[in-house]
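Q: I have a model open and would like to go through how some of its helices pack. Could you start with what the terms stand for?

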Amino acid sequence: MEMKREEYVFGLDIGTRSIVGTLGYRVGTDRFIVVAQVSIEHRTRAVIDGQIHDISTVAKTIAEVKARLEYMTGETLKDVSIAAAGRVLKTKNVYAEYEMPSEGKVTTEHIHSLDSIAVEKAYEEIRSETDHKDKHFYCVGYSPVRYYLNGYPMEMIEKHTASSIGVEMIATFLPDEVVDGLYCAVEEAGLRVVSLTLEPIAAIHLAIPERFRLLNIALVDVGAGTSDISIVKDGSIIAFGMIPLAGDEITEAIARKYLLDFETAEQVKMTVAKKKAVSFKNILGETYKLTAEEAQEATQEAIAGIVDKVSEKIIELNGGNSVSAVFIVGGGGKMPGYTERMAQQLGLPENRVAIRGSEVLQQIDFSETDIKKDSTLVTPIGICMEYYEQRGNFIHVRVNDERVKIYDNGKATLLDAAIHAGFSQNSLFPSRGAGFTYTVNGESRVAKGKAGEAAEVLLNGKETNLNELIKEGDAITIRPATKGEDASMKLGRVLECRKKVSYKLFGKMVMCPKRAEVNGKFQSLEYYLKEGDEVIVHDSYSVAQLLEYMGMEQEDQVLVNGVAVDCRTKLKPLAAVERIVKEKPVARKKVSDRPRRSAFQNLVSEMRDSSMPSGEDPLLSQARPLPSWAADLPIGNPAVRPAQTAAPVQTPPPAGDSIVVEVNQTKVTLLPKPKHIFVDVFDVYPFDLTKAGGKRMVCRVNGVSVTDFTTPVHENDKIDLYWEK
């Protein structure tokens with residue numbers, strides 16, 4: 001049966017010594033047809049140890065490879081697949097778990113969500129271990145080591161019913177500057193990157209097929225600048241690594257030995273590998289004829305140094321143990337004595353360390369008959385094959401100018417891109433400031449911090465939200481969400497502390513704030529609560545506490561609702577507190593023995609008495625003359641009463657109603673009278689008249705200054721009464 005042909009794919013292997021371009025297509029699932037292949041060496045050391053140093057020079061070489069392939073095939077090439085070397089590779093092994101929304105069958109979407117969570121977790125761990133917190137990394141590849149279904153390991157979890165799924169993941173990252181260098185060179189050559197992978201991943205795709213991955217095998221891709229290492233075991237890739245030592249070390253050894261420039265030494269190395277001897281001149285003009293045996297002897301120490309470092313890294317990546325076998329690809333692996341030395345270092349038989357070439361390319365066909373199948377083709381063709389693994393599964397977008405690759409299921413959103421770019425949930429969604437817990441009368445409560453500001457999200461310059469769908473090439477700008485201020489709360493904001501308790505003290509109503517203890521100590525309502533505070537709010541005062549709050553002298557005993565009690569007695573709301581009046585035998589006292597009263601008190605008493613003559617309206621009665629020292633007091637202008645021939649007959653004042661007024665923001669009830677005047681306030685409001693408390697006494701009714709104590713007052717009037725300092 002004829003298999004369907006896939007579309008063309010253009011792959012570039014940008015190596016330290018050369019750039020290899022491969023154009024071909026896949027047939028079926030595992031067969032690849034190479035239509036054309038071009039390899040061009042760098043004219044200068046534009047790439048060192050796998051890292052692009054001279055972007056413009058590399059871009060020109062890429063453009064030349066592209067032009068040759070277009071000429072050979074007649075195809076116009078716009079898209080390209082590339083791979084990055086692992087020179088500064090960061091690798092993380094993590095475990096992540098995904099709780100299913102409801103127990104049901106595991107779908108491809110669930111698995112990709114799980115993989116994304118694992119990659120994000122690996123990224124966060126990489127960032128936490130980096131000294132420069134502003135440094136960004138790009139995920140160039142990841143490989144699931146093992147999946148879990150409801151906590152149990154399982155090879156294939158798709159379509160199984162589960163409440164939770166998990167994955168052990170190995171994820172690999174490169175710093176942004178490495179990836180950006182690759183992209184800049186490719187884009188300058190007029191191409192667009194459609195897939196990016198890691199060179200070890202591309203190589204392992206061909207060199208160690210899945211059917212071999214149950215074995216513990218190491219793959220070493222020996223290039224010019226780096227030796228990339230990957231290890232498989234139990235059916236999965238378990239580790240990636242890199243050593244910045246490879247073929248260039250051999251070239252440099254020849255250059256130092258015979259005083260050659262790097263390019264000449266490279267030509268000598270390549271020629272002597274194919275011929276028995278090579279002739280050359282050094283920088284002094286001396287002529288040498290170097291045999292293969294002499295070249296091997298000159299480079300033996302350098303080869304040993306490379307192999308020893310690679311062997312140590314293999315043992316480190318494999319958990320401190322040697323592997324069962326080693327496959328070697330890449331031109332550097334052909335160095336004389338390389339495989340023998342590695343077998344010795346790893347304690348393996350020499351036949352267990354083998355160069356993989358034509359035997360792993362059985363499924364690769366070449367339209368050009370002159371191409372030799374060897375280990376140097378593994379990585380370039382692997383890059384092409386990796387494109388088919390990624391195609392249709394991933395899109396590339398830019399988040400805050402950082403290139404991000406995400407899985408594309410047709411429903412990829414800005415939120416997906418933000419997570420893959422390394423934004424945490426706290427930076428995407430506003431969060432409250434830190435709160436604290438406290439208790440009120442044993443009941444636990446929480447003071448919440450203030451809410452932060454939401455993230456600002458722009459898609460291609462237009463403001464949108466995190467649920468917006470995205471597509472290939474979108475430009476996304478995200479201003480992170482903020483965290484609100486931490487909780488701050490005064491004791492006075494506690495609900496119970498806002499309420500007041502009322503009592504009738506010595507004939508007048510008083511309102512008192514609730515009293516509160518914090519951690520066993522009474523505190524002001526201005527006290528700021530903190531974590532763990534225990535608040536006790538008291539609903540009542542004792543007699544002593546009430547007198548103390550009102551600034552009055554303590555009493556030994558008082559009457560509470562007509563019952564004699566001591567001052568430790570707790571008062572219920574609206575309790576009436578009165579003084580105990582002790583009866584004494586009537587006796588005439590000397591004037592000097594009588595309680596002394598201030599002149600001002602006497603004056604107020606006279607004003608009260610004179611304000612209620614029998615059968616006469618107090619507001620119309622004539623005021624008695626004032627002493628000269630009281631001229632500044634608000635008691636009206638002195639006037640002389642008409643002389644009376646006989647004392648008036650005193651009769652009880654007519655009955656009346658009490659009224660409620662507000663004195664200094666405290667409601668008080670005036671005693672029942674037909675009509676009330678300002679001086680009546682002194683009967684029910686505690687105001688010290690025995691001594692002056694300031695320069696002058698301020699008296700106002702509803703904001704209007706009182707010039708006469710006989711000024712009428714009415715229900716709900718607001719009265720100000722205080723000494724001006």
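A: Axes here are lines fitted to C-alpha atoms, for helices over the stretch in contact, and angles run from 0 to 180 degrees between N-to-C directions. Please keep in mind that this is a predicted model.

Q: OK, at what angle do H5 and H6 pack?
A: Helix H5, which covers residues 247-258, packs against helix H6, residues 262-272, at an angle of about 105 degrees, and their axes are 8 Å apart. Angles of 65 to 115 degrees count as roughly perpendicular, and H5 and H6 are therefore roughly perpendicular to each other.

Q: And which residues in H5 and H6 meet?
A: On the H5 side the contact includes Ile250, Ile254 and Ala255, while among the H6 residues are Phe262, Ala265 and Val268. The residues of this contact between H5 and H6 divide into 6 nonpolar, 2 polar and 4 charged.

Q: Moving on, how do H7 and H8 cross?
A: The axes of H7 (residues 292-317) and H8 (residues 338-346) come within 9 Å and cross at roughly 40 degrees, which makes H7 oblique to H8. The crossing of H7 and H8 is right-handed.

Q: What is the residue mix where H7 contacts H8?
A: That contact of H7 with H8 has 10 nonpolar, 2 polar and 2 charged residues. Ile303, Val307 and Ile314 are among those in H7, and Tyr338, Met342 and Leu346 are among those in H8.

Q: Different topic: where does pLDDT stay under 50?
A: The chain averages a pLDDT of 81, but pLDDT stays under 50 over residues 589-596 and also over residues 610-621. Where pLDDT is low, the predicted coordinates should not be read in detail.

How values were computed
Residues numbered from 1 in each chain as written. Predicted model: local features only at pLDDT ≥ 70, side-chain atom pairs only at ≥ 80, totals over all residues. Heavy atoms only, no water. pLDDT = per-residue confidence, 0-100. Contact = heavy atoms within 4.5 Å. Helix = DSSP H or I, 4+ residues; strand = E, 2+ residues; numbered from the N terminus. Parallel < 35°, antiparallel > 145°, perpendicular 65-115°, else oblique. Nonpolar A, V, L, I, M, F, W, Y, C, P; charged D, E, K, R; others polar. Left-handed = near helix turned anticlockwise from the far one by under 90°.
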